[in-house]
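Some labels given to a structure need a reason behind them. The questions here ask for those reasons.

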Amino acid sequence: MKIWVDADACPRQIKDLLYRAAERRKIILTLVANKAISFPSSAWIRSIQVAVGPDEADREIVRLLAVGDLVITADIPLAADVIEKGGFALDPRGDFFTRENIRERLSLRNFFDDLRVSGVETGGPTAFSNKDKQAFANHLDRFLTRNS
């Protein structure tokens with residue numbers, strides 16, 4: 001199993017947790033982004049820089065993903081592709097995307113997207129909190145314990 005990170009929008013605190021987990025469990029962690037990402041020197045941590053453009057990182061993650069790999073992303077369409085390909089998707093706030101919830105999540109995302117396009121102000125997500133970081137850490141640890 002490998003861990004892939006949709007790194008452009010991933011919070012720094014989550015990346016730091018992932019760096020420690022990769023080292024501790026000796027799991028390959030790959031950050032995929034449109035720009036250069038700094039990361040600690042490690043045999044377990046890598047980075048791939050893709051072309052600038054919408055969904056370039058997403059396409060590269062899906063292309064390289066193997067069944068059973070874990071992807072860290074808040075991008076719901078990417079999560080749907082990951083699940084379809086047999087991977088696992090975990091949001092940086094600690095929520096797993098699953099076969100059971102991904103269709104509802106996609107529908108809700110598309111609904112709000114349509115509202116924004118029509119000019120309705122929908123607001124954005126709440127600020128990333130320590131509670132989110134802790135939820136992520138707990139879910140990541142349980143997942144890695146079960147799957148590595």
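The turns below set computed values against the definitions in use.

This is a predicted model, in which local features need pLDDT of at least 70 and side-chain atom pairs count only at pLDDT 80 or more, while totals for chains, interfaces and linings use all residues. Residues are numbered from 1 along each chain as its sequence is written, and side-chain values use heavy atoms, with hydrogens and water left out.

Q: Why is the pair Arg25 and Asp141 called a salt bridge?
A: A salt bridge needs a side-chain nitrogen of Lys or Arg within 4 Å of a carboxyl oxygen of Asp or Glu. The N to O distance for Arg25 and Asp141 is 2.9 Å, so the pair qualifies. The protein chain has five salt bridges by this rule.

Q: What makes Arg25 and Asp141 a link between distant parts of the chain?
A: Arg25 is in helix H1 (residues 12-25) and Asp141 in helix H5 (residues 130-147), 116 residues apart. Helices are DSSP runs of H or I with at least four residues, strands are runs of E with at least two, and both are numbered from the N terminus.

Q: Why does Glu60 count as buried or exposed?
A: Buried means under 20% relative accessible area, exposed over 50%, and partly exposed in between (1.4 Å probe, protein chains only). Glu60 has 18%, so Glu60 counts as buried. Its salt-bridge partner Arg63, at 2.9 Å from N to O, has 56% and is therefore exposed. Both residues lie in helix H2 (residues 56-64), three residues apart, about one turn of the helix.

Q: What does the salt bridge of Asp132 and Arg93 tie together?
A: The side chains of Asp132 and Arg93 meet at 2.8 Å, N to O. Asp132 lies in helix H5 and Arg93 in the loop between strand S5 (88-90) and strand S6 (96-97), so the pair ties together parts that are 39 residues apart in sequence. With 14% relative accessibility, Asp132 counts as buried, whereas Arg93 is partly exposed with 23%.

Q: How do you know that the protein chain is as compact as a globular protein of that length?
A: The protein chain comes to five helices and six strands. Its radius of gyration, taken over C-alpha atoms, is 15 Å. The globule rule (2.2 Å times the number of residues to the power 0.38) gives 15 Å for 148 residues, so the chain is as compact as a globular protein of that length.
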